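Me: I have a model open and want to learn to read it. Can we go through it feature by feature?

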Amino acid sequence: MAALAVAAHLTRQRKRKSRAEDDAVTRRDWGLGGAPADPSVAAPLPSLLAPRRLRAAGFALGRRPSPRGEAQGERRRTRRGSRGEASRTAAGGDGAAAESHPPPPRTPRAKFVYGNYKAYYGYRYARAADGSPRGPEPRVRALREELFRGKDCLDVGCNAGRLTVDVALRYGCRSMLGVDIDARLIAKANALLRAPPAPAAPRSNADFKALLLRPAVRFVHCNFVQQPRCAALPPAASLDTVLCLSTSKWVHLNFGDAGVRCLFRRAYDCLRPGGHFVLEPQPWSSYRKRANLTPCIALHYKQIQLRPHQFVECLLGEIGFRSVEELEVPYAEEDSAGFKRRPLLVLTK
Ligand SMILES: C[S@@+](CC[C@H](N)C(=O)[O-])C[C@H]1O[C@@H](n2cnc3c(N)ncnc32)[C@H](O)[C@@H]1O
């Protein structure tokens, strides 16, 4: 059994290493300058003796709900034949990202074609030993208060709205609009507003004020890059901050280079001069795993020319942002290496 565990660990280690080498996403690769990271450091391995590793290797250590398992269970159920839930959207040609988003695909494997995972927040982060979440998520802590306090904000690809509400409450936005292409996720997000989870004891006076002066949070179902532009989106130059976290890959795969350019341009257009676009792009290496999710994605994957490491160049040179900086995200050691490879960028209009 122990030998099996070691073999499984070594296989995983080899896969991770080759992925890191393949992509070797470094600060310089993202167009941010700085010394290239050692790819072997980019994917730190948890100890073989970590309970999660041992469970994965088949050791029975007693039951503890695994958030990753929950997501995997969901995928298994999907394979057995449930219907997809995301709205499928036609890919657009040059400049036109999408026409509309007609009914869900039947292909079970295409269930999360937009990255519209139902249990996203359940498996994105490592949990405490007792299985409970470890407080506000690292990206929320990394964000700077001045980007949000008293500001009008938009979250593109808000999923079930958890992070959106966290940011709005923690930093006291004046208004926050979350948009997502998946109507069910938006329904979940709206349910969050109707019955917000009992807030943790306010951590500071600022938190307390944020709870009292609850900002106007709204969620709207829309494809951010659809053509023509969704009427529910804020008018030009009306926002201070646009968030777009871990969503660019899905826009890219479903709508191609034209879709990503449309995403960047629309974010830019919504912002007031001096406003900020907070972007967490996924690296190119993570695209390959999803490259055959649908025929449309497979086609776009082959045609992509604007790779994620060229985004900064595009945002500054083509779209018109004035500057870019990277925020440090306080990930825990045991958080997934894949998520740690994503930079958190702040672009200023
Ligand atoms: C991987 S999740 C990220 C969720 C959240 N932003 C975060 O990082 O915690 C990507 C989200 O983007 C949404 N999405 C993908 N394409 C979209 C589009 N064209 N317009 C709006 N939302 C989109 C998906 O439905 C999904 O909820």
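**A loop proline to begin with**

Reply: Start with Pro308, which sits in the loop between α12 (295-303) and α13. Keep in mind that this is a predicted model.

Me: Is Pro308 buried or exposed?

Reply: Count the C-beta neighbours. The cut-off for buried is 20 or more other C-beta atoms within 10 Å. Pro308 has 25 inside 10 Å, so Pro308 counts as buried.

Me: Which residues is Pro308 in contact with, leaving aside neighbours within four places in sequence?

Reply: Pro281, Gln282, Pro283 and Trp284. Take Trp284: Pro308 and Trp284 are 24 residues apart in sequence, yet their C-alpha atoms are 6.0 Å apart in space.

Me: Let me step back to the whole chain. How many helices and strands does the protein have?

Reply: There are 14 helices and seven strands. The protein has 349 residues, and 35% of them count as buried. Now look at the contacts with a separation of 6 or more: 73% of these join residues 24 or more positions apart.

Me: Now the helices. How do I describe two that pack together?

Reply: Use the angle between the two axes and the distance between them. Try α10 (248-270) with α12. Their axes are 8 Å apart, and the packing angle is about 50°. An angle of that kind is neither parallel nor perpendicular; α10 and α12 are therefore oblique to each other. The crossing is left-handed.

Me: Which residues of α10 and α12 meet?

Reply: From α10, Leu253, Asn254 and Gly256. From α12, Cys296, Ile297, His300, Tyr301 and Gln303. By class, this contact has four nonpolar, four polar and no charged residues.

Me: At what angle do α10 and α13 cross?

Reply: Roughly 55°, with the axes coming within 11 Å. Helix α13 covers residues 311-319. This pair is therefore oblique too: α10 and α13. The crossing of α10 and α13 is right-handed.

Me: Which residues make the contact between α10 and α13?

Reply: Phe264, Arg265 and Tyr268 come from α10, and Cys314, Leu315 and Ile319 come from α13. Five residues of this contact are nonpolar, none is polar and one is charged.

Me: On to the strands. Where is Met176, and where is Asp180?

Reply: Met176 lies in strand β2. Asp180 is found in strand β2 as well. Strand β2 spans 175-180.

Me: Is Asp180 buried or exposed?

Reply: Asp180 is buried, because 29 other C-beta atoms lie within 10 Å. Met176 is buried with 26.

Me: What do these two residues have beside them?

Reply: Check C-alpha distances for partners far along the chain. Met176 and Cys153 are 23 residues apart along the chain, and their C-alpha atoms are separated by 4.7 Å. Asp180 and Val156 are 24 residues apart, with a C-alpha separation of 6.5 Å. Beyond four places in sequence, Asp180 touches Gly157, Cys158, Asn159, Leu185, Ile186 and His221.

Me: There is a ligand too. Which residues come nearest to the ligand?

Reply: Of the 22 residues around the ligand, Gly115, Asn116, Gly157, Asn159 and Leu245 come nearest. The elements that give two or more residues to this shell are β2 and α10. Gly157 and Asn159 are also among the residues that Asp180 touches.

Me: How does the shell divide by class?

Reply: It has 13 nonpolar, seven polar and two charged residues.

Me: Last topic: the backbone. What should catch my eye?

Reply: Look for exceptions. Most residues other than glycine have a negative phi, and most peptide bonds are trans. Here the peptide bond from Gln227 to Pro228 is cis, with omega near -5°. Pro228 is in the loop between β3 (216-221) and β4 (239-245).

Me: Which residue in the loop between β3 and β4 has a positive phi?

Reply: Ala237, with phi near 50°. Ala237 is in that loop, between β3 and β4. Ala237 counts as partly exposed, because 13 C-beta neighbours lie inside 10 Å.

Me: And what about Ser246: where is it placed?

Reply: Ser246 is in the loop between β4 and α10. Its phi is near 50°, again a positive value. Ser246 is buried, because 20 other C-beta atoms lie within 10 Å.

Methods. Residues numbered from 1 in each chain as written. Predicted model: local features only at pLDDT ≥ 70, side-chain atom pairs only at ≥ 80, totals over all residues. Near = placed C-beta within 6 Å. Helix = DSSP H or I, 4+ residues; strand = E, 2+ residues; numbered from the N terminus. Nonpolar A, V, L, I, M, F, W, Y, C, P; charged D, E, K, R; others polar. Axes fitted to C-alpha atoms, helices over the stretch in contact; angles between N-to-C directions. Parallel < 35°, antiparallel > 145°, perpendicular 65-115°, else oblique. Left-handed = near helix turned anticlockwise from the far one by under 90°. Contact = placed C-beta atoms within 7 Å. Buried ≥ 20, exposed ≤ 12 C-beta atoms within 10 Å, placed from the backbone.
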